[in-house]
Amino acid sequence: MNIGIDKIGFYTPDQYVDMEKLAEKRGVEPAKYTIGIGQERMAVAPLHEDAVSMAANAALSILDEEDRKKIDLVLFGTESGVDHSKSGAVWVHHLTDIQENAGSFELKQACYGATAGIKMAMGHIALNPESKALILGADIAKYGLNTSGEPTQGAGAVAMVLSSDPRILALDNDSASLTKDISDFWRPLYSDYAFVDGKYSNEAYLSFLKDVWGKYKEKTARDLKDFEAVCFHLPYTKMAKKALLSLTENAPEEDAERLMGHYQNSIAYNKQVGNVYTGSLYLSMLSLLEQSEELAEGSRIGLFSYGSGAVGEFFSGVVQPGYKKFLNKEAHESLLDSRQELSIDEYEELLEKSLPKDGSDSETDTDKMKKGKAYLTGIKDNLRKYEVK
Ligand code: HMG
């Protein structure tokens, strides 16, 4: 029985910053951000959007009545959780009107959280072939103003329905993982901003890739020739180029060319959004599937997931016949194209704002909400309140 991704949707807030303008304001050559880092625009979340509302919006864009009846597992990978106890999955379960007899919880391991959800859901569906699972990855990436991580911020969510006989990507049941206790990137409970050792994080990412790709090859006897394309966790799009160059260093030219040929399509959406942490790998995969010509039936795609701290995993899947019919290219392009540009002053003011942390009530200004359906209306009696329009 094949198990894999049957539906996939994404959501990002209505507003963005232009990277060339941010570079000018920071006194940096714009090419450093657009070519050196590889980002054109960076999504910025307003106060009425958080990981929960963004995940709900991504899910609402794909779920139908049959999904709502069949989903019995809601798994939410995030490192932007809004409560130490209650999981975002429970709110999303409610906001998306999924039948009551489902299990729902949150998973955390930096950007690896949504991958952990996928692995768990595969086991669940193998035991319960009629079930479906909703996997969410939603985050707001924040390093702060004038930091070296600033051009690698972003905000957004990916939602996937996993099922047996999936219509988009059948996942292979063989993967290779690696866990090492390292401090390349972390966010203590008291901080809104991530701490990062930037150069070390790049090195750790590449060394995890080398390790898990080596183990995956040993386990499966597959090599680069067996892959039509490889998608990577994308903290910024230049990282995928570094990753591809390291994978193909000693590869035959035709394999290197084919894999590099898919690079632009696999970064098209991420370049416009920035890092969305747990959803980044899946946003890249969605970008590849929607922006490239239809891939031949049976094409295998490699997937590299990396969550700082750190856990890495290489796994793979095979595109399903007619998969293009089950994607939403136009809706996703329109979501990206219809956003409003923030001036750098507006962005700076917004980045430093947050909802009260002292227990006082607060209402958000939802007048500007255009694309999303779910939003955070505020905090009352220490509880976050959400609504679906
Ligand atoms: P930096 O020190 O400001 O940048 O930080 P740099 O000096 O290394 O320059 C970046 C690139 O721009 C270089 O290219 C320069 O040569 C180039 P590279 O050598 O890397 O190929 N450059 C130019 N190119 C064209 N024209 C120019 C020009 N000037 C310079 N004029 C850094 C960069 C990524 C370290 C920083 O932004 C950062 O710390 N970001 C956050 C950490 C991060 O994203 N790490 C990635 C790996 S870890 C990961 O992916 C996990 C993560 O998602 C978290 C999680 O798991 O939850 C982060």
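These legends accompany close-up views of a predicted model.

**View 1. The ligand and its surrounding shell.**
The ligand is surrounded by 29 residues. Glu79, Cys111, Ser148, Lys199 and Lys242 are the closest of them. By class, this shell holds 12 nonpolar, 11 polar and six charged residues. Four elements each give at least two residues to the shell: the helices α2 (30-37), α7 (198-220) and α8 (237-247), and the strand β13 (300-307). α7 supplies the largest share of the shell, with five residues.

**View 2. Polar contacts between side chains and the ligand.**
Three side chains are shown with their distances to the ligand: Lys32, Thr152 and Asn275. For Lys32, an N or O atom of the side chain is 2.8 Å from an oxygen atom of the ligand. For Asn275, a polar side-chain atom lies 3.1 Å from a ligand oxygen atom. Thr152 pairs with a nitrogen atom of the ligand instead: the distance from an N or O atom in its side chain is 3.3 Å. On its own, the ligand has 1100 Å² of accessible area, and the protein covers 75% of it.

**View 3. The pocket that holds the ligand.**
The ligand takes up the space of the second largest pocket. This pocket has a volume of about 620 Å³. Its lining counts 33 residues, and those closest to the pocket centre are Ser148, Thr152, Gly198, Asn202 and Tyr236. Ser148 is also among the residues closest to the ligand, and the Thr152 side chain has an N or O atom 3.3 Å from a ligand nitrogen atom. The helices α2, α7 and α8 each supply at least two lining residues. α7 gives the largest share of the lining, five residues. The lining divides into 15 nonpolar, 12 polar and six charged residues.

**View 4. The cavity in the structure.**
How many cavities of 30 Å³ or more does a search of the whole structure find? The search finds one. The largest cavity has a volume of about 30 Å³. Its lining consists of Cys111, Thr115, His233, Tyr277, Thr278, Leu281, Tyr282, Ser305 and Tyr306. Cys111 is thus listed in this lining and among the residues closest to the ligand. α11 (280-291) and β13 each contribute at least two residues to the cavity lining. β13 also supplies at least two residues of the ligand shell. By class, the cavity lining has five nonpolar and four polar residues, and no charged ones.

**View 5. A cis peptide bond at Ala310.**
The bond from Gly309 to Ala310 is a cis peptide, with omega near 5°. Ala310 sits in the loop between β13 and β14 (311-319). The strand before this loop, β13, is one of the elements that supply residues to the ligand shell.

**View 6. A positive phi at Asp97.**
Asp97 is not a glycine, yet its phi is positive, at about 65°. Which loop holds Asp97? Asp97 lies in the loop between α5 (88-95) and β5 (103-107).

How values were computed. Residues numbered from 1 in each chain as written. Predicted model: local features only at pLDDT ≥ 70, side-chain atom pairs only at ≥ 80, totals over all residues. Heavy atoms only, no water. Near = heavy atom within 4 Å. Polar contact = N/O pair within 3.5 Å; in protein donor to acceptor, adjacent residues only side chain to side chain. Areas by Shrake-Rupley, 256 points an atom, 1.4 Å probe, with all protein chains shown as cover. 1 Å grid on protein atoms, 1.4 Å probe; cavity = no way out; pocket = protein on both sides within 12 Å on 5 of 7 lines; lining within 4 Å. Sits in = over half its atoms within 2 Å of the grid points. Nonpolar A, V, L, I, M, F, W, Y, C, P; charged D, E, K, R; others polar. Points joined across faces, edges and corners; volume = space filled by probe spheres on them.
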